[in-house]
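Me: I'm new to this structure and would like some help reading it. Could you take me through a few features, one at a time?

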Amino acid sequence: MNCIVELDNVSKSFSGLTALQGISLRIWEGEILTFLGPNGSGKTTLLKILAFIEKPSEGSMYYRGGKVTDENMAWLRRKATMVFQRPVLLNATVYDNVAYGLKIRGFPKGEISRAVKEALGLVHLEGYEKRPARKLSGGEQQRVSLARALALKTELLLLDEPTASLDPKSAAIIEDAIVTVNRKHGSTIVMATHNVFQAKAMPNRVALMEAGRIREVGTPHEVFSVLSKTLVSFAALDNTLIGEAKVVGDGVSLIDLGNNFKIVAAKKAEGKVSVFISPEDIILSRTRFESSARNLFKGRITEISDMGSVVRLRVDVGKPFTVQITKRSFEEMKLNLNSEVYIAFKASSVHIL
Amino acid sequence: MHMADFWQILGEAFRLILTGDRTVYQTTLLSLLVSGTATLLAFLWGVPIAALIALKSFRGKLLIKSMFNALVGIPTVALGLILYMLLSRSGPLGFLGLLYTPTAIIIGEAVLVTPLIISLASSAIEAVDPEIISLAKTLGASESQASTAVLREAANGLMVAGIMGFNRAISELGVALMVGGNMVLTTRIAAQINYDIALSLSLTIILLLVVFAANILAYIIRRRKA
């Protein structure tokens with residue numbers, strides 16, 4: 001395997017504050033690598049360094065074996081492109097947004113229009129060319145951002161939380177597009193996420209990040225088996241909990257998360273485990289309701305974050321849970337801070353890591 | 001002045017406008033040309049300075065910014081006097097022979113509206129999402145191409161800055177009077193008051209129409225900003 005980028009003891013600080021410390025990492029050509037860590041762990045800064053937008057404060061960086069310097073950085077920038085967590089769009093049409101990087105590179109018109117069309121196809125936005133980009137929904141805006149990056153077919157594609165705060169449909173389209181360009185064009189993909197489930201499903205390798213450092217790097221299988229031991233420090237990750245599991249029936253386990261808080265999981269497990277419940281898999285209700293979901297808890301909303309088309313709620317049911325619902329349901333349910341709510345999730349939504 | 005006189009004068013003023021009186025039209029045209037050129041000049045050197053203030057960090061930036069903000073309100077008559085002293089025959093720039101020419105008014109008004117354009121333009125550029133620079137760069141732009149992308153994002157605000165500059169230029173009296181004498185709308189309005197008040201009023205109506213039209217245009221551009 002060829003090493004495309006190598007970081008050697010890279011640190012980065014912003015006006016005295018350390019964002020990254022002693023990062024040494026090799027990125028292999030054609031792989032999908034995910035940085036998993038809580039907010040503020042340095043994921044975005046690391047991606048910006050890999051995109052050649054930020055310079056390391058200390059340490060060295062190599063691109064295909066050649067040292068990255070102040071002189072060649074502007075040139076190397078065209079080898080990589082980054083999609084930011086919050087979609088940043090030019091105040092122009094979808095077409096002009098997606099075409100921007102190609103125009104800068106001086107491609108002929110016909111080639112640009114072909115590349116734009118192909119990129120929009122990958123994110124299922126065919127026919128959107130003439131629409132003003134900033135008038136689109138949050139999910140569509142993020143897809144335009146991705147298409148704009150894909151159109152460039154750079155060797156290295158950097159994605160910062162590409163699906164956080166998106167509706168499930170847009171998230172699925174984006175995940176699909178990422179896997180497609182990785183397989184078809186062999187683009188190397190480096191992605192940041194704080195979604196444990198995504199980190200487990202997509203990549204070839206996972207790097208666990210915490211407080212500006214890389215704690216572990218390996219295959220998802222390797223890393224998640226360590227994760228249970230180091231998980232305490234990852235408490236900031238959404239809905240990632242540790243407990244004691246016991247098989248209670250046919251393919252079903254009861255997991256005691258402490259303080260007599262128990263959840264049911266549709267998987268056999270014994271002993272100490274880490275579990276993850278995706279925020280989109282939790283159903284929220286104003287009233288107690290009957291359903292097939294085996295886990296039902298009552299609690300109060302302690303935090304509300306507006307993420308555009310979706311709203312993230314922190315619900316304290318004895319343990320804090322993050323629940324993601326669409327903005328529309330949020331408004332229809334007239335939810336407020338401290339509202340009393342019920343949360344429910346299926347035993348099969350409990351992922352044992 | 002009697003009430004009857006007022007209506008008569010108003011009628012005469014409209015007659016002058018509608019029949020295409022030469023003085024009215026020549027004065028209007030010269031005013032538009034002088035103020036337009038002055039605004040264009042101020043825009044050409046003001047926007048790069050505004051971009052520098054908005055996008056770069058350097059020592060004394062706040063000082064320079066507050067200085068331009070303060071200069072926005074400079075009394076036109078004060079600036080007019082200074083320019084008069086510079087341009088008058090015995091002044092340091094007297095050899096250019098510019099005093100009482102349209103060129104003198106253009107220079108004066110350009111200087112006058114420069115701080116206004118810089119203030120408005122730098123605010124407009126600062127209002128652009130700072131991530132646009134990172135975005136342009138990661139899509140392959142050079143430093144200067146990234147700055148251009150930011151300016152393009154600020155286009156509406158820059159247009160408003162230009163219109164406001166033009167408005168200030170065409171409606172000011174002090175500079176035009178001190179270095180230009182009696183040539184443009186405002187100075188003629190003032191000068192004709194005791195001789196031909198109907199002419200004064202017709203020029204006033206035109207001036208107000210121009211200013212209103214410019215303001216409406218600025219309003220539309222602001223609203224378009226989404």
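Reply: Gladly! Let's begin with how two helices lie against each other. H2(B) and H5(B) are oblique to each other. Keep in mind as we go that this is a predicted model.

Me: What angle lies behind that word for H2(B) and H5(B)?
Reply: Angles that are neither roughly parallel, roughly antiparallel nor roughly perpendicular count as oblique, and roughly parallel means under 35 degrees. Here helix H2 (residues 22-55) of chain B packs against helix H5 (residues 102-126) of chain B at about 40°, and their axes are 6 Å apart. The crossing of H2(B) past H5(B) is right-handed.

Me: How many nonpolar, polar and charged residues does the contact of H2(B) with H5(B) have?
Reply: Sorted by class, there are 22 nonpolar residues, six polar ones and two charged ones.

Me: At what angle does H2(B) pack with H8(B)?
Reply: The angle between H2(B) and helix H8 (residues 155-171) of chain B is about 135°, with the axes 9 Å apart. Roughly antiparallel would need an angle over 145 degrees, so H2(B) and H8(B) are oblique to each other. Their crossing is right-handed.

Me: Which residues of H2(B) and H8(B) meet?
Reply: On the H2(B) side you can look for Ser31(B), Leu32(B), Ser35(B), Gly36(B), Thr39(B), Phe43(B) and Val47(B). They meet Leu158(B), Gly162(B), Gly165(B), Phe166(B), Ala169(B) and Ile170(B) of H8(B). This contact has seven nonpolar and six polar residues, with no charged ones.

Me: How do the axes of H4(B) and H5(B) cross?
Reply: Helix H4 (residues 76-87) of chain B crosses H5(B) at roughly 135°, and the two axes come within 11 Å. That angle makes H4(B) oblique to H5(B), and the crossing is right-handed. From H4(B), the contact is made by Thr76(B), Leu79(B), Leu83(B) and Leu87(B); from H5(B), by Ala104(B), Gly108(B), Val111(B) and Leu112(B). By class these residues are six nonpolar, two polar and no charged.

Me: Let me step back to the whole chain. How many helices and strands are there in chain B?
Reply: Chain B has eleven helices and zero strands. Reading along its sequence therefore gives one α after another: α-α-α-α-α-α-α-α-α-α-α. The C-alpha trace of chain B spans about 70 × 45 × 25 Å along its principal axes.

Me: Now to the place where two chains meet. How many residues of chain A and chain B are in contact?
Reply: For an interface, you can ask who touches whom and how much area is buried. Here 22 residues of chain A are in contact with 15 residues of chain B. Between them the two chains bury about 1,700 Å², and 53% of that is on carbon and sulfur atoms.

Me: How many salt bridges are there across the interface of chain A and chain B?
Reply: First the general idea: side chains of opposite charge can pair when their charged atoms come close. Across this interface there are three salt bridges. Glu131(B) forms a salt bridge with Lys48(A), with 3.4 Å between the closest N and O atoms.

Me: Which parts of chain A does the pair of Arg205(A) and Glu31(A) tie together?
Reply: The side chains of Arg205(A) and Glu31(A) meet in a salt bridge, at 2.7 Å from N to O. Arg205(A) lies in strand S9 (residues 205-210) of chain A, and Glu31(A) in the loop between strand S2 (17-28) and strand S3 (32-36), so the pair ties together parts 174 residues apart in sequence. Over all chains, the structure holds 20 salt bridges.

Note on methods: Residues are numbered from 1 along each chain as its sequence is written. Chains are lettered from A and ligands numbered from 1 in the order in which they are written. This is a predicted model: local features need pLDDT of at least 70, side-chain atom pairs count only at pLDDT 80 or more; totals for chains, interfaces and linings use all residues. Side-chain values use heavy atoms; hydrogens and water are left out. Axes are lines fitted to C-alpha atoms, for helices over the stretch in contact, and angles run from 0 to 180 degrees between N-to-C directions. Helices (H or I, at least four residues) and strands (E, at least two) are DSSP runs, numbered from the N terminus. Angles under 35 degrees count as roughly parallel, over 145 as roughly antiparallel, 65 to 115 as roughly perpendicular and the rest as oblique. A crossing is left-handed if the near helix is turned anticlockwise from the far one by less than a right angle, and right-handed if clockwise. Ala, Val, Leu, Ile, Met, Phe, Trp, Tyr, Cys and Pro count as nonpolar, Asp, Glu, Lys and Arg as charged, and the others, Gly among them, as polar. Contact means heavy atoms within 4.5 Å. Buried area is the accessible area (1.4 Å probe) that two parts lose on being put together, summed over both. A salt bridge is a side-chain nitrogen of Lys or Arg within 4 Å of a carboxyl oxygen of Asp or Glu.
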